[in-house]
Amino acid sequence: MLFAQSLQCACLVSKSLRKSHARYTATHPSYSSRCNSASRSLTMAEHDSLSEYLETAVDAAKRAGEIISNAFYQKKNVEHKGQVDLVTETDKACEDLIFNHLKERYPKHKFIGEETTAAYGTSELTDEPTWIVDPLDGTTNFVHGFPFVCISIGLTIGKVPMVGVVYNPIMKELFTGIHGKGAFLNGNPIKVSSQSELVKSLLATEIGTKRDKLTVDLTTGRVNSLLFKVRSLRMSGSCALNLCGIACGRIDLFYELGFGGPWDVAAGVLIVQEAGGFFYDPSGKDFDITSQRVAASNPHLKDAFLHVLRQFE
């Protein structure tokens, strides 16, 4: 029902969102070139398939969401991937379910997942249709019973995000987007905030999982400086949900450095873009989905936000 509603609402996406994307690509020629190249390389059948890909991804996310919901209030078996980076059997079960669901329908597509990468090493992102999956973003939240957890499923074609699904099964929030067709929350169109003053903005970021003194000092120094320039700060514990917070206007600014990998952002940046927002490297350079660096905002705040972020580069 929600998916059908999303498709019906696609025609309601405002002209302002399309203009925002046009302004972004005009000032980011490299990104614009990749988007245009990806669009040209898609066959008519593939264009028609984007809605089908979204429907399949939503189905996979909801199935994985049932696993997370059922385990949320139960005792977890927790393993450590690092000093504070956690993984549970639920992460692994969800990734297996999602990949099996997608591979059954699209056996020729490529697949990159957080847990398979942790177990078997990094997979190279190519121009082939590639599903990039975080089966449980916010594992620490999950372990502690903090309800900011989600499944993130993104599809890239030509290395450009084309379909995005982020689903929080605890709060029953489903964020979706298709390249050029808008962004939605539970079937309703969403857009970024209209805030234009940094001092009135709500900022989200994350501390990350590294605990060496240099990284901690740089991270806390950046946060300390930003606290004097914005209204307040939030740390939700989920990169994907922070990006969706930008997309629906709950958050005005977001940045994170050193997150896990492309699975944290592949769906979220597409949803931000389709909601009229900008995403970029915190240095101001073009965004690289494999770089573990991201910043996002509405169009009005980008320049002022980058001015502050560049002071720490």
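**Exercise 1. Strand 7 and its partners**

Which residue in strand 7 is the bridge partner of Tyr167? Establish also how strand 7 is joined to strand 6 and to strand 8 in this predicted model.

*Solution.*

Step 1. The bridge partner of Tyr167 in strand 7 is Leu174.

Step 2. Strand 6 covers residues 160–168 and strand 7 covers residues 173–178; the two run antiparallel and are joined by six bridges. Elsewhere along strand 7, Ile178 stands opposite Val163.

Step 3. Strand 7 and strand 8 also run antiparallel, with three bridges joining them. Here Gly177 has Ala183 in strand 8 as its bridge partner.

**Exercise 2. The hairpin turns**

Identify the residues with positive phi in the hairpins formed by strands 5 to 8.

*Solution.*

Step 1. Begin with strand 5 and strand 6, which pair in the antiparallel sense over seven bridges. One bridge pair consists of Ile153 and Val165, the latter in strand 6. The hairpin has two residues between the strands, and Gly158 takes a positive phi near 65°.

Step 2. Continue to the hairpin of strand 6 and strand 7, where four residues lie between the strands and Lys172 takes a positive phi near 55°.

Step 3. Finish with the hairpin of strand 7 and strand 8, which has four residues between the strands; Gly180 in the turn has a positive phi of about 85°.

**Exercise 3. Burial of strands 6 and 7**

Determine whether the residues of strand 7 are buried or exposed on each of the two ways they point, and consider strand 6 alongside.

*Solution.*

Step 1. A residue counts as buried when its relative accessible area is under 20%.

Step 2. Glu173, Phe175 and Gly177 point one way from strand 7, and all three are buried. Leu174, Thr176 and Ile178 point the other way and are likewise buried. The count for strand 7 is therefore six buried residues of six, and the strand is mostly covered.

Step 3. In strand 6, nine of the nine residues are buried, so this strand is largely enclosed by the rest of the structure.

Step 4. For the chain as a whole, 53% of the 313 residues count as buried.

**Exercise 4. The sheet and the helices across it**

Where do the edges of the seven-stranded sheet lie, and which strands do helix 5 and helix 10 lie across?

*Solution.*

Step 1. The sheet is open, its strand order is 3-4-5-6-7-8-9, and its pairing is mixed.

Step 2. The edges are strand 3 (110–113) and strand 9 (188–189); each has a single partner strand, so one side of each lacks a neighbour in the sheet.

Step 3. Helix 5, residues 89–105, lies across strand 3, strand 4 (130–137) and strand 5 (150–157), and runs at about 155° to strand 4.

Step 4. Helix 10, residues 266–274, lies across strand 4, strand 5, strand 6, strand 7 and strand 8 (183–185), and runs at about 100° to strand 6.

Step 5. In total, the secondary structure of the chain comprises 11 helices and 14 strands. Of the contacts between residues at least 6 apart in sequence, 68% join residues at least 24 apart.

**Exercise 5. The second largest pocket**

Which element supplies the largest share of the lining of the second largest pocket?

*Solution.*

Step 1. The second largest pocket has a volume of about 290 Å³. Its lining consists of 16 residues, of which Thr215, Thr219, Arg222, Leu257 and Gly258 are the closest to the centre.

Step 2. Helix 8 (213–227) and strand 12 (253–257) each supply at least two lining residues.

Step 3. The largest share, four residues, comes from helix 8.

Definitions and conventions
Residues numbered from 1 in each chain as written. Predicted model: local features only at pLDDT ≥ 70, side-chain atom pairs only at ≥ 80, totals over all residues. Heavy atoms only, no water. Buried < 20%, exposed > 50% of the residue type's maximum accessible area, 1.4 Å probe, protein only. Contact = heavy atoms within 4.5 Å. Pairing = 2+ DSSP bridges. Axes fitted to C-alpha atoms, helices over the stretch in contact; angles between N-to-C directions. 1 Å grid on protein atoms, 1.4 Å probe; cavity = no way out; pocket = protein on both sides within 12 Å on 5 of 7 lines; lining within 4 Å. Points joined across faces, edges and corners; volume = space filled by probe spheres on them.
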